[in-house]
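Me: I've got a chain loaded in the viewer and I'd like to go through it with you, question by question. Ready when you are.

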Amino acid sequence: MASTFKWVAPEALTSYLTTELNSLADSTSDTTGFSAVGAEIANETDLYQYISLELVIAAQGAARSAGGFVAVYINYAADGTTYDDTSNKAFTELLGVFGLDAAVTARRLTKTNLPIPPLDFKLLVLNDTGQALAATGNTLKYRRNNEQVV
């Protein structure tokens, strides 16, 4: 008998980083504070296979650089408790890059079905837009999902 693979309904969209992204400095500046790290997302028992991300960038005060982007890195706790240095932008693995235009306009961007292993993890957001993010209104949200065999 042939197997059919179907998506299981995803979990609800969850806010992950909100105020942590407000006024986030650009990574090319000589200042600190160009990345933000969120809390642990448990996946050792939940065992989700995929994560989808929604990034909302509020209107910025000055135009972003051509080729500007916001990158999301993922940091796993391979032993269940210990993470790599979360203050370092060179996280263990790049999860996704949200390319942005050279404008000041607010943007809502989505990356879907990014594979994740059955490990607890944290996400880090790196601002490389050429400008600090707006003082309010920036968010990163996620939702996880699985496939099923029927």
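Me: Let's start with Asn113: what is its relative accessible area?
Reply: Keep in mind that this is a predicted model. Asn113 lies in strand 7, and its phi is positive at about 50°, although it is not a glycine. Partly exposed covers the range between 20% and 50%, and Asn113 falls in that class because its relative accessible area is 30%.

Me: Which residue in the loop between strand 2 and strand 3 has a positive phi although it is not a glycine?
Reply: The loop in question runs between strand 2 and strand 3 (35-37). The residue there counts as partly exposed, at 44% relative accessibility. Its phi is about 60°, and the residue is Ser23.

Me: Now the open sheet: in what order do its four strands come?
Reply: As general background, strands of a sheet pair through backbone hydrogen bonds, either parallel or antiparallel. Here the pairing is antiparallel, and the order is 2-9-4-7.

Me: And which are the edge strands?
Reply: An edge strand of this sheet pairs on one side only. That description fits strand 2 (14-17) and strand 7 (107-115).

Me: By how many degrees are neighbouring strands of this sheet turned against each other on average?
Reply: The sheet in question has the order 2-9-4-7. With direction ignored, the average turn between its neighbouring strands is 25°.

Me: How many bridges join strand 4 to strand 9?
Reply: Strand 4 covers residues 50-57 and strand 9 covers residues 139-145, and the two run antiparallel. Among the facing residues, Glu54 stands opposite Lys141, and Ser52 stands opposite Arg143. The number of bridges joining the two strands is seven.

Me: On to strand 2: which residue in strand 9 is the bridge partner of Thr14?
Reply: Strand 2 and strand 9 run antiparallel and are joined by three bridges. For Thr14, the bridge partner in strand 9 is Tyr142.

Me: How many of the seven residues of strand 9 are buried?
Reply: Buried here means under 20% relative accessible area. Tyr142 lies in strand 9 and is buried. Strand 9 is mostly covered, and the number of buried residues is five.

Me: Let's look at the aromatics: why does the pair of Trp7 and Tyr50 count as edge-to-face?
Reply: A search of the whole structure finds three aromatic pairs. The rings of Trp7 and Tyr50 have their centres 5.4 Å apart, and the cut-off for edge-to-face is an angle over 60 degrees between the planes. This pair qualifies because its planes are at 75°.

Me: How many residues apart in sequence are the parts that this pair ties together?
Reply: Trp7 belongs to strand 1 (residues 5-7) and Tyr50 to strand 4. Trp7 is partly exposed at 46% relative accessible area, whereas Tyr50 is buried at 18%. The separation in sequence between the parts they tie together is 43 residues.

Me: What is the angle between the planes of Tyr16 and Tyr142?
Reply: Tyr16 lies in strand 2 and Tyr142 in strand 9, so their pair ties together parts that are 126 residues apart in sequence. Both Tyr16 and Tyr142 are buried. Their pair is edge-to-face, with 5.8 Å from centre to centre and a plane angle of 80°.

Me: Which ring does the charged end of Lys111 sit over?
Reply: A charge has to be within 6 Å of the ring centre to count, among other criteria. The charged end of Lys111 is 5.7 Å from the centre of its ring, and that ring belongs to Phe98.

Me: Is Asn127 buried or exposed?
Reply: Asn127 is found in strand 8 (residues 121-128). Leaving aside neighbours within four places in sequence, its contacts include Leu24, Phe34, Phe69 and Leu133. At 0% relative accessibility, Asn127 counts as buried.

Me: How far from a polar atom of the Asn127 side chain does the backbone oxygen of Gln131 lie?
Reply: The side chain of Asn127 has a polar atom 2.9 Å from the backbone oxygen of Leu24. For the backbone oxygen of Gln131, the distance to a polar atom of that side chain is 2.9 Å.

Me: Last one: what separates the C-alpha atoms of Ala2 and Val150?
Reply: Ala2 is found in the segment before strand 1 and counts as exposed at 67% relative accessibility. Along the chain, Ala2 and Val150 are 148 residues apart. Their C-alpha atoms are separated by 9.1 Å.

Definitions and conventions: Residues are numbered from 1 along each chain as its sequence is written. This is a predicted model: local features need pLDDT of at least 70, side-chain atom pairs count only at pLDDT 80 or more; totals for chains, interfaces and linings use all residues. Side-chain values use heavy atoms; hydrogens and water are left out. Buried means under 20% relative accessible area, exposed over 50%, partly exposed in between (1.4 Å probe, protein chains only). A polar contact is a pair of N or O atoms within 3.5 Å; within protein, one must be able to donate a hydrogen and the other to accept it, and residues adjacent in sequence count only if both atoms are side-chain atoms. Contact means heavy atoms within 4.5 Å. Two strands pair if DSSP finds at least two bridges between them. Axes are lines fitted to C-alpha atoms, for helices over the stretch in contact, and angles run from 0 to 180 degrees between N-to-C directions. Rings of Phe, Tyr and Trp (its six-membered ring) pair if their centres lie within 6.5 Å; planes under 30 degrees apart count as stacked, over 60 as edge-to-face and the rest as tilted. A charge sits over a ring if NZ of Lys or CZ of Arg is within 6 Å of the ring centre and within 35 degrees of the ring normal.
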